[in-house]
Structures are given as structure tokens and as C-alpha cells.
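Me: Please take one part of this protein and look at it closely, step by step. I am new to this structure, so plain wording would help.

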Amino acid sequence: ETPNIRLARPSDAFDLEQLAQSVSLKHLKSNIKDGFLVSGFLAKEYSKFIRDAEHFLVLHVRGELVGFLLAYGSEKIKQEEELNMHIKTTMCEKFVLIKQICVSSYHHHRRKGYASSLYKELYA
């Protein structure tokens with residue numbers, strides 16, 4: 001099945017929160033060698049990222065949200081993002097910060113190249 005990748009919309013916020021929670025360290029029940037998300041956000045925070053981040057991609061397979069990539073330019077890094085701010089101040093050039101990349105932990109979504117597809121779309 002070919003995935004559909006598009007920019008995130010405000011209507012995606014709740015599904016983004018649910019997907020992020022399903023692969024967060026505190027909720028993950030499967031073997032973490034398949035990956036995990038250190039921390040997710042609430043739907044209202046994802047809504048803000050959807051509004052502000054220029055690179056917020058969602059990946060759907062047969063209409064189901066299976067993955068997402070949240071990224072934004074270095075000029076949008078906020079003061080409270082201490083590590084990211086440090087990186088920004090030491091870099092000489094602008095860059096794109098990948099804040100989160102997430103793919104469903106369901107076995108039929110794994111090892112399909114969905115994360116690679118999101119990265120390729122970001123750099124297309």
C-alpha cells in the first residue's frame with residue numbers, strides 16, 4: 001500500500017496525540033528495539049505546531065494516520081528549548097530541526113519504509 005503524505009491540518013491534532021501516546025516510553029508494551037517516542041504532546045500543543053511549524057507532515061495508509069514528522073526552521077526555536085537554542089547559537093547557518101518523527105508500533109506498519117518516506121518528503 002502506497003502511503004499518502006501531506007501537511008498536517010488542525011483536524012489531525014487529536015489523532016497525532018493518540019499516535020504519539022501509543023509509542024511513548026511510558027505506554028509502550030512491545031520491545032523498544034523497534035523504536036519509541038521519548039515524549040509526545042497534547043492535541044492543543046500539536047494544534048499550535050500545525051499552525052506554526054512549516055514542516056509538519058502526516059502519513060496515512062488507507063485513511064489511517066500511521067506516522068508523522070514535525071520539523072521547523074532554526075529561526076523558530078524558542079528560548080525555552082535550551083538544547084536546541086544551544087545548537088542554534090553554535091551553528092553558523094540556518095537549519096531544519098526535526099522535533100519528532102513517529103510511526104505506529106503496530107507490526108503491520110513496521111519496516112515498511114514509512115519513516116524514510118517522511119524524511120524524503122521533508123528534504124524533497
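**A close look at strand β3 and its surroundings**

Reply: His 55 has its bridge partner in β3, and that partner is Ala 71. This pairing is a handy place to start, with one caution: the model is predicted.

The strand that holds Ala 71, β3, covers residues 64–73. On one side its partner is β2, made of residues 55–61. β2 and β3 run antiparallel and are joined by seven bridges. On the other side comes β4, residues 96–103, which also pairs with β3 in the antiparallel sense, again over seven bridges. Ala 71 takes part in this second pairing too, since its bridge partner in β4 is Ile 98. Ala 71 is thus bridged to His 55 and to Ile 98.

For orientation, the protein has four helices and four strands. Starting at the N terminus, these elements follow the order β-α-α-β-β-α-β-α. In that order two strands follow each other directly in the middle of the chain; β2 and β3 form a hairpin, with two residues between them. One residue of the turn, Arg 62, has a positive phi of about 50°, although Arg 62 is not a glycine. Arg 62 sits in the loop between β2 and β3. Is Arg 62 buried or exposed? Its relative accessible area is 64%, so Arg 62 is exposed.

The strand that follows the turn looks otherwise. How many of the 10 residues of β3 are buried? Nine are, so the strand is mostly covered, where a residue counts as buried under 20% relative accessible area. In the protein as a whole, buried residues make up 40% of the 124 residues. Val 66 belongs to β3 and counts as buried, at 0% relative accessibility. The C-alpha atoms of Val 66 and Ser 104 are separated by 5.2 Å, while the two residues are 38 apart along the chain. As a general point, side chains in a regular strand alternate between the two faces of the sheet.

Aromatic rings come next. The count of aromatic pairs comes to six. One of them joins Tyr 46 and Phe 56: the ring centres are 6.2 Å apart and the planes make an angle of 55°, a tilted arrangement. Tyr 46 belongs to helix α2 and Phe 56 to strand β2, so this pair ties together parts that are 10 residues apart in sequence. Both Tyr 46 and Phe 56 are buried. Ring pairs also build a cluster, whose members are Phe 41, Tyr 46, Phe 49, Phe 56, Phe 68 and Tyr 72. Phe 68 and Tyr 72 fall within the residue range of β3.

Helix α2, which supplies Tyr 46, spans residues 43–52. Which residues of α2 are buried? They are Ala 43, Tyr 46, Phe 49 and Ile 50. These four lie on the same side of α2, because they cover an arc of only 115° around the axis. The spacing fits a general rule: an α-helix has 3.6 residues a turn, so residues three or four places apart point the same way. On the face of α2 turned away from the buried side are the exposed residues Lys 44 and Arg 51.

The same helix leads to the largest pocket, since α2 gives the most to its lining, with four residues. About 230 Å³ of space lies in that pocket. Its lining consists of Phe 41, Glu 45, Lys 48, Phe 49, Asp 52, Ala 53, Tyr 72, Lys 76, Lys 78, Glu 80, Glu 81 and Lys 99. What kinds of residue are these? Eight are charged and four are nonpolar, with no polar ones. Among the lining residues are Phe 41, Phe 49 and Tyr 72, which also belong to the ring cluster.

The last stop is the loop that lies between β4 and α4, the latter being residues 114–122. Arg 111 is in this loop. Its phi is near 60°, a positive value in a residue other than glycine. Arg 111 counts as exposed, at 72% relative accessibility. Gly 113 lies in the loop as well, but counts as partly exposed, at 34%. The C-alpha atoms of Gly 113 and Pro 3 are separated by 9.8 Å, with their positions 110 residues apart along the chain.

To return to the starting point, β3 is mostly covered and is paired with β2 and with β4.

Terms used:
Residues numbered from 1 in each chain as written. Predicted model: local features only at pLDDT ≥ 70, side-chain atom pairs only at ≥ 80, totals over all residues. Heavy atoms only, no water. Buried < 20%, exposed > 50% of the residue type's maximum accessible area, 1.4 Å probe, protein only. Pairing = 2+ DSSP bridges. 1 Å grid on protein atoms, 1.4 Å probe; cavity = no way out; pocket = protein on both sides within 12 Å on 5 of 7 lines; lining within 4 Å. Points joined across faces, edges and corners; volume = space filled by probe spheres on them. Nonpolar A, V, L, I, M, F, W, Y, C, P; charged D, E, K, R; others polar. Phe/Tyr/Trp six-rings, centres within 6.5 Å; stacked < 30°, edge-to-face > 60°. Arc of directions from axis to C-beta.
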